[in-house]
There are 2 protein chains.
Amino acid sequence: MNKPSIVVLGAGYGGIMTTTKLQKIIGDTEADITLVNKHDYHYQTTWLHENAAGTLHHDRTRIQINDVVDFNKVNFVQDTVQSIDPDNKVVKLEDGELTYDYLVIGLGFESATFGIEGLLDHAYTINNINSARYIRDHIEYNFAQYNMFKEDRQDLLTIVVGGAGFTGVEFVGELVNRIPELCQEYDVDPSKVRLLNVEAGPTALAGFDEELVEYAMNRLEEKGVEFRLNTMLKKCTEDGIVVEKDGEQEEIATKNIIWAAGVRGNSIVEESGFEVSRGRVAVRDDLRTPDYDDVFVVGDCAVFFNEETERPYPPTAQIAMQMADTAAHNLKQLVNGQSDLEGFEPDIKGTVASLGHTDAIGVIFDDKKLYGRSASIMKKVIDNRYLLKLGGVGLLLKKGKLDMYH
Amino acid sequence: MNKPSIVVLGAGYGGIMTTTKLQKIIGDTEADITLVNKHDYHYQTTWLHENAAGTLHHDRTRIQINDVVDFNKVNFVQDTVQSIDPDNKVVKLEDGELTYDYLVIGLGFESATFGIEGLLDHAYTINNINSARYIRDHIEYNFAQYNMFKEDRQDLLTIVVGGAGFTGVEFVGELVNRIPELCQEYDVDPSKVRLLNVEAGPTALAGFDEELVEYAMNRLEEKGVEFRLNTMLKKCTEDGIVVEKDGEQEEIATKNIIWAAGVRGNSIVEESGFEVSRGRVAVRDDLRTPDYDDVFVVGDCAVFFNEETERPYPPTAQIAMQMADTAAHNLKQLVNGQSDLEGFEPDIKGTVASLGHTDAIGVIFDDKKLYGRSASIMKKVIDNRYLLKLGGVGLLLKKGKLDMYH
């Protein structure tokens, strides 16, 4: 009668893995579990750049929640979170509200726009299935328009990707595979197409091993990518962008601006009164917020510091999933009246960045460098491992990247 | 040394059939044959509505000119005709000019806009491969946008087809097949989509047998088409259309206006000084213009009157192809110094209007009515017959509609 209720907000990597773990370790008599999500599907954020480029259909990227969550054990509410009132233990939804005893916030990321003029109005961001599909169609539509004009509308065929971090470079890597297909589909001379990757910092893929970064940039440049490093995006307009390098400004006409230069935590968290830095809650070791013993944060809304480097761990799927394990374990302890909670210990197994169908770079086991086909295969292995963990062999066979050589 | 030169302008039904016929019946020593066309491909105008709806890929509709024209026998010039100077026997092209002894004008149609306000700026027309593909992408893009808005943007999902003649109805027929696919691809509730067919006249498919028209309208209405008969399109804006019926005006919000209500001959003909009516030259019996003994007009730039009904024959592919036969025969006579030319005798074998994949209506052999699957099969038989005539068995196998039951 007095079962505590656990509410999980968001079915991204952190939220859905917390939920599937909870449904395994918590019995019907121990607690009620509720999962709230805007859509009836989970999606793999790390694959969205492929959907946006048009190299992978978005249905491959999304997974119906009822394929992996047991609706006999978990109450699923399809609704949009509006705000959280942690003092009264209430979550306001678009169509109602929910009370909780324990809350898990897994509301994901938003694009960080750094106050760049016109960015919100004129740039596209790869945030979710809808926006990824929209970017795919936006680029296709501009290619389709090109032959409708008598004048040479180069701006329709110029694609600018803002940010040469992980997402920016992976997206560019897919686009170099996609552009030849677009040219064929829309009767466009490939030499007319420009693909620019603009990065404010001095290097692409900051944080990666230098040798691998050089490999990646060389490979992408060979395929036509123009990197603009040390270059700030100053302004976006309906007609293009203004960039600045060494104090000199340049206008570039483009109808395709895709912003992939940074993320922050979902602004609902900040607006609900939680203390944040760039939208993220600096969680305690046990992944609870500093002020609330009944609120956990997992994934991109949480920030966790690496004690050795004193820098935060990057907001990756890998970290989100590991956080889910810890949060689920600690929730089990709490609903059973146990007060000893486990501390979160990130275990970075490796990082692989894709450069298109059969190319990638990566570092695994701390220092082993991979590139080319072997890195590409490793990337697919990682993706498939996730599916196996989330939904077993059935899900792996349904959504996995099983053709390792393409 | 003194071989006469024959120049054919345009590789539509009339132009390409004239050319392929000429290359068969005129020897190398008799005349030089030149074909001028904007693209290096011919396309089947009667299939464009399928490309525009997205139910058939445009590569199925186009045929490389060198697949059917023998470039050893015919000089092919890929260029755009600017104007014709029939007094000096010169054709001005974008990149040069050509002189001729005999000219065949097969420059095709343009959309007739009837002076409707805003039509040119805000409506799309199914004119060629580029514009058909653009319409497909325009509709897809609007569906892709729908889920990007918080508000219910019904205008993105409302498709208005102007004109319920042959092209309008055939296009609507394809769209009813396409819309369920679009809804699935873009996560749109099918009940949100509206498909309107606006027609100024009192009936759809004017000129067709009444029983067949009723069948067609019933079938399309069952699939969700809203016919608006006796309804004038008064105005197109960026946000939609204004229609008028019985003196009452109504605004309909839509981002998808496709105009399929009428065609006229290519305006180059009129601008070159030929006497025209709605852009068409009222040709003599032998298909020459009234004023020039060395200029033939075939296809949609020509108008030929039915002596019995005193009405012009409709501008169809069937008529264009038959004209090509007559024009080629008469050219052969002229280059051989013969003055007896053949008169054009249209032979209407039948007319079939498609209502989507497996449905159609038609009349063949003057009075035999067909509908449903048998009419649909007859339509494909007609399409395949054309390919066979144009390019033999090879072309039929390559581009034909060989799956008769879908």
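## Domains of chain A

Domain bounds here come from an automatic or database domain assignment. With that in hand, let's walk through this predicted model. In chain A the assignment yields two parts: domain 1 covers 5-38 + 79-111 + 263-347, while domain 2 covers 113-261 + 349-406. Taken over C-alpha atoms, the centres of domain 1 of chain A and domain 2 of chain A lie 30 Å apart. Where they touch, domain 1 of chain A contributes 12 residues and domain 2 of chain A contributes 11 residues.

## Where the two domains meet

The buried area between domain 1 of chain A and domain 2 of chain A comes to about 1000 Å², with 52% of it on carbon and sulfur atoms. Which residues of domain 1 of chain A lose the most area to domain 2 of chain A? They are A:Met17, A:Ser111 and A:Gln318, and together they make up 41% of what that side buries.

On the polar side of the story, 2 salt bridges are found across the interface of domain 1 of chain A and domain 2 of chain A. A salt bridge also joins the side chains of A:Lys389 and A:Asp325, at 3.4 Å from N to O. Between the two domains of chain A, 5 residue pairs are in polar contact. On the domain 1 side, the elements giving two or more residues are helix H1 (13-25), strand E10 (109-111) and helix H10 (317-335) of chain A. By class, the residues on that side of domain 1 of chain A are 5 nonpolar, 4 polar and 3 charged.

## The interface of chains A and B

Now for the chains themselves. Contact involves 20 residues of chain B and 20 residues of chain A. Chain B and chain A bury about 1900 Å² between them, and carbon and sulfur atoms give 44% of that area. In chain B, the residues that lose the most area to chain A are B:Tyr134, B:Tyr141 and B:Glu185, together 32% of what that side buries.

How many salt bridges cross the interface of chain B and chain A? The rule finds 6 salt bridges there. B:Arg136 and A:Glu185 form a salt bridge, with their closest N and O atoms 3.0 Å apart. The interface of chain B and chain A also has 22 residue pairs in polar contact. Helix H6 (129-146) and helix H7 (166-186) of chain B are the elements that give two or more residues to the side touching chain A. H6(B) gives the most, with 11 residues. Sorted by class, the side of chain B that touches chain A holds 6 nonpolar, 7 polar and 7 charged residues.

## How the copies are related

A turn of 180° with a shift of 0.1 Å along the axis lays chain B on chain A, with an RMSD of 0.0 Å. That is the relation of a two-fold axis. In chain B, the C-alpha nearest the axis belongs to B:Tyr141, 3.4 Å from it.

What about the surfaces used? The copies meet through the same surface, because 100% of the interface residues of chain B are also interface residues in chain A.

## A closer look at B:Lys398

One residue of chain B makes a nice last stop. B:Lys398 sits in helix H11 (residues 372-399) of chain B. Its side chain is in polar contact with the side chain of B:Asp67, at 2.7 Å. The C-alpha atoms of B:Lys398 and B:Ile63 are 9.4 Å apart, although these positions lie 335 residues apart along the chain by numbering.

How values were computed
Residues numbered from 1 in each chain as written. Chains lettered and ligands numbered in written order. Predicted model: local features only at pLDDT ≥ 70, side-chain atom pairs only at ≥ 80, totals over all residues. Heavy atoms only, no water. Contact = heavy atoms within 4.5 Å. Buried area = accessible area lost by both parts, 1.4 Å probe. Salt bridge = Lys/Arg side-chain N within 4 Å of Asp/Glu carboxyl O. Polar contact = N/O pair within 3.5 Å; in protein donor to acceptor, adjacent residues only side chain to side chain. Helix = DSSP H or I, 4+ residues; strand = E, 2+ residues; numbered from the N terminus. Nonpolar A, V, L, I, M, F, W, Y, C, P; charged D, E, K, R; others polar. Least-squares fit on C-alpha atoms with pLDDT ≥ 70 in both.
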